[in-house]
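Let's take a look at how the pieces of this fold fit together. Have the structure open as you read.

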Amino acid sequence: MTTNGTGRKRAGHDLGRRVPGQNLVLGREGQLAWVLGACARVLRPVVRLALAFGVKHGHLEALLRDILLDEARSAWLRKGTEPNISQLSVTTGLNRKVVTMKIREDPASLPETEVSAEAKTLTLWLQMFADNPSHRLLPIASEDASVPSFESVARRASRGDVHHRAILDELVRLNMARKHADTAELAVAGFVPSGDLKGMLSFLGDNARDHLLAGVSNTIGEGQPMLERSVFAAGISLTECERIHRLARERWSGLHHELTREMRLAYEGADNKASGRIRIGIYTYYEDTAPDSATAPAPPTKPPGDKA
């Protein structure tokens, strides 16, 4: 007992002489574990999406390398430095050969939802419909400037960058509008391209990215705190989950129209040099957390010869 006690005391004494360095190491390892734990939670639904579409480990590994390099370069640029190959290698942990190869590539990407002419047009059309339900049906074109038409809505929303008939054709393709002889009819309550996988993936990526960027910005202390809140409960029935889900949908509808109006006014009042962007969203997720007999982990097996 005495020896054990002395050993513990000696260990404590030695630890006391190494406290600064060891605390830094332990603190760093602890932070890495916390960050990786958060990343694991964030990546789990991403991996579920990837597996659902046949994405393999090699694809995800290459994607992660690309994102590491892109974010590392952005981090250096925010400090006022254009990083060289060595700096990117040190920051990411990738070797110089990989860094050199990756920065020369020009990867394809999904379209950005903010710059979609059809999304801007539909958003303005929805706002007009909320203010006046008769605007569900619009003449495709009108010689009378005082009469709202799809042409005027598209020109106003896209600032004339895309022809109104091309925008209408795309909305019809996405089942968001119907085209009659001389009129266009609104067919949805929001820009959710359910018939277009690429469009749905674009919105998934943009919405989830900006939600995470708000949380990450708040966590690492970049700029002013962003609004990023949630409420949650466990141990309630699925019926109650759906009831609360419907309540959130109903309350969001009014706020959605108000925010859309404010963004439209800000967009129309901005000059061509304005570079700010904003995205405000809401989500609900619920599930049955009861263990499934088919997926529940099996009880641990006893080693051979072990007796209860």
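## Strand pairing, residue by residue

Start at arginine 178: its bridge partner in β3 is glutamate 185. This is a predicted model, so keep that in mind throughout. The pair belongs to the match-up between β2 and β3, which runs in the antiparallel sense over 3 bridges. How many residues does the hairpin use to join β2 to β3? The hairpin gets from β2 to β3 through 3 residues.

Over with β1, you'll find β3 again: 3 bridges join β1 to β3, residues 183-186, and these two strands also run antiparallel. Two facing pairs are easy to pick out here. Leucine 138 sits opposite alanine 184 in β3, and proline 139 sits opposite threonine 183 in β3.

## The sheet as a whole

Put those pairings together and you get an open sheet of 3 strands, in the order β1-β3-β2, with antiparallel pairing. Which strands are at the edges? They are β1 (137-139) and β2 (177-179), each pairing on one side only. Ignoring direction, neighbouring strands are turned by 25° against each other on average.

As background, strands of a sheet pair through backbone hydrogen bonds, either parallel or antiparallel.

## Helices on the sheet

Helix α6 (residues 117-131) packs on the sheet and touches β1, β2 and β3. The direction of α6 makes about 80° with that of β3.

Helix α8 (residues 164-173) packs on the sheet too, touching β2 and β3. For α8, the angle is given against β2, and comes to about 115°.

## A helix pair elsewhere in the chain

Now for helix-on-helix packing. Two packed helices are described by the angle between their axes and the distance between the axes. Helix α3 (residues 57-78) and helix α4 (residues 85-92) have axes that come within 10 Å and cross at roughly 115°. That makes α3 roughly perpendicular to α4. Is the crossing of α3 and α4 left-handed or right-handed? It's right-handed.

Which residues make the contact? From α3 come Leu68, Leu69, Ala72, Arg73 and Trp76, and from α4 come Gln87, Leu88, Thr91 and Thr92. Sorted by character, the residues of this contact of α3 with α4 split into 5 nonpolar, 3 polar and 1 charged.

Notes. Residues numbered from 1 in each chain as written. Predicted model: local features only at pLDDT ≥ 70, side-chain atom pairs only at ≥ 80, totals over all residues. Heavy atoms only, no water. Axes fitted to C-alpha atoms, helices over the stretch in contact; angles between N-to-C directions. Helix = DSSP H or I, 4+ residues; strand = E, 2+ residues; numbered from the N terminus. Parallel < 35°, antiparallel > 145°, perpendicular 65-115°, else oblique. Left-handed = near helix turned anticlockwise from the far one by under 90°. Contact = heavy atoms within 4.5 Å. Nonpolar A, V, L, I, M, F, W, Y, C, P; charged D, E, K, R; others polar. Pairing = 2+ DSSP bridges.
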